[in-house]
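Grab a pencil and keep the 3D view open while you work through these exercises. Try each task yourself before you read its solution.

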Amino acid sequence: MSRIGKNPITIPEGVTVDLKDGVVTVKGKLGELKQEVKDIDVKIEDNVISFERSSEKSDQKAKHGLYRALVNNMIEGVTNGYTKSLELVGVGYRASNQGNKLDLAVGYSHNIVLDLAPEVKVETISEKGKNPIVKVTSHDKQLVGQVAAKIRSFRAPEPYKGKGIKFVGEQLRRKAGKSA
């Protein structure tokens with residue numbers, strides 16, 4: 001039995017969970033998310049969601065914990081939301097936003113303008129003497145991670161000086177430069 005898959009999920013107040021034709025729909029104060037569930041039985045009873053598999057096939061064992069984790073992330077997302085923060089490390093690196101347009105100046109000959117999905121909120125923080133910070137917020141955990149990874153990919157941190165776009169709190173492996 002999957003240790004994650006066998007744990008039941010309690011539904012908090014203000015969240016509604018519906019199951020129809022193998023699609024789990026979660027609605028909360030921050031939005032609505034849907035997830036299709038295949039090969040796993042989902043039961044909703046007394047504000048508790050439980051996941052059960054019908055056989056011991058390795059395919060079903062893998063999906064058991066996966067779908068439980070995905071639905072749990074959906075419930076967490078519509079109640080609290082998810083945030084990822086990125087830090088721009090480098091001389092002259094800047095970030096600004098107008099609504100859902102993110103404008104990055106990260107050492108190229110041109111600025112990078114990124115149009116974000118309407119579900120994603122972006123916030124830029126620029127304080128004098130500190131590195132600019134970009135905060136990506138949404139109710140969808142997968143979307144937040146995907147957008148943050150896309151922003152990071154424009155200038156991944158390099159190992160010698162540490163310049164680039166990195167997650168706040170990320171530890172970089174630093175290398176020694178050329179020794180004379």
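**Exercise 1. Find which exposed residues sit on the face of α2 turned away from its buried side, then work out how the buried side is arranged.**

Step 1. Look at the outward face of α2 first: the exposed residues there are Q142, Q146 and S153. "Exposed" is over 50% relative accessible area, "buried" is under 20%, and "partly exposed" is in between (1.4 Å probe, protein chains only). The names α2, β7 and so on come from DSSP runs numbered from the N terminus: helices are H or I with at least four residues, strands are E with at least two.

Before going on, two notes on the numbers. This is a predicted model, where local features need pLDDT of at least 70 and side-chain atom pairs count only at pLDDT 80 or more, while totals for chains, interfaces and linings use all residues. Residues are numbered from 1 along each chain as its sequence is written, and side-chain values use heavy atoms, with hydrogens and water left out.

Step 2. Now turn the helix around: L143, V144, V147, A148 and I151 are buried. Seen down the axis of α2, these buried residues fall within an arc of 125°, so they line one face of the helix. The arc is that of the directions from the helix axis to the C-beta atoms. The general rule behind this: an α-helix has 3.6 residues a turn, so residues three or four places apart point the same way.

Step 3. What do the buried residues of α2 pack against? Their partners are β7 (82-89), β9 (101-105), β10 (112-115), β12 (133-138) and β13 (164-167).

**Exercise 2. Check the length of α2 and look at how it starts.**

Step 1. α2 covers residues 141-153, which is 13 residues. The expected span is 1.5 Å times one less than the number of residues.

Step 2. From first C-alpha to last, α2 reaches 18 Å, close to the 18 Å expected.

Step 3. At the start of α2, the backbone nitrogen of Q142 has a side-chain oxygen of D140 within 3.3 Å.

**Exercise 3. Work out the strand order of the sheet that α2 packs on.**

Step 1. Read across the open sheet of 4 strands: β11-β12-β7-β13, with antiparallel pairing. Two strands pair if DSSP finds at least two bridges between them.

Step 2. Find the edges: β11 (121-125) and β13 each pair on one side only. From one strand to the next, the twist averages 25°.

Step 3. Check one pair: β7 and β13 run antiparallel and are joined by 4 bridges. L88 has I165 in β13 as its bridge partner.

Step 4. Add the helix: α2 touches β7, β12 and β13, and its direction makes about 5° with that of β7. Axes are lines fitted to C-alpha atoms, for helices over the stretch in contact, and angles run from 0 to 180 degrees between N-to-C directions.

**Exercise 4. Is S138 buried or exposed, and what surrounds it?**

Step 1. Place S138: it lies in strand β12.

Step 2. S138 has a relative accessible area of 5%, so it counts as buried.

Step 3. Look for polar atoms around its side chain. A polar atom there lies 3.2 Å from the backbone oxygen of E119, and one lies 3.3 Å from the backbone nitrogen of D140.

Step 4. Leave aside neighbours within four places in sequence, and S138 is in contact (heavy atoms within 4.5 Å) with G81, Y82, E119, V120, L143 and V144. Two of the names there, L143 and V144, are buried residues of α2 from Exercise 1.

**Exercise 5. Explore the hairpin of β9 and β10.**

Step 1. β9 and β10 run antiparallel, joined by 4 bridges. D103 has V113 in β10 as its bridge partner.

Step 2. The hairpin has 6 residues between the strands, and G107 takes a positive phi near 90°.

Step 3. Which residues of β10 are on its covered face, and which on its uncovered one? I112 and L114 are covered, while V113 and D115 are uncovered. As a general rule, side chains in a regular strand alternate between the two faces of the sheet.

Notes: A polar contact is a pair of N or O atoms within 3.5 Å; within protein, one must be able to donate a hydrogen and the other to accept it, and residues adjacent in sequence count only if both atoms are side-chain atoms.
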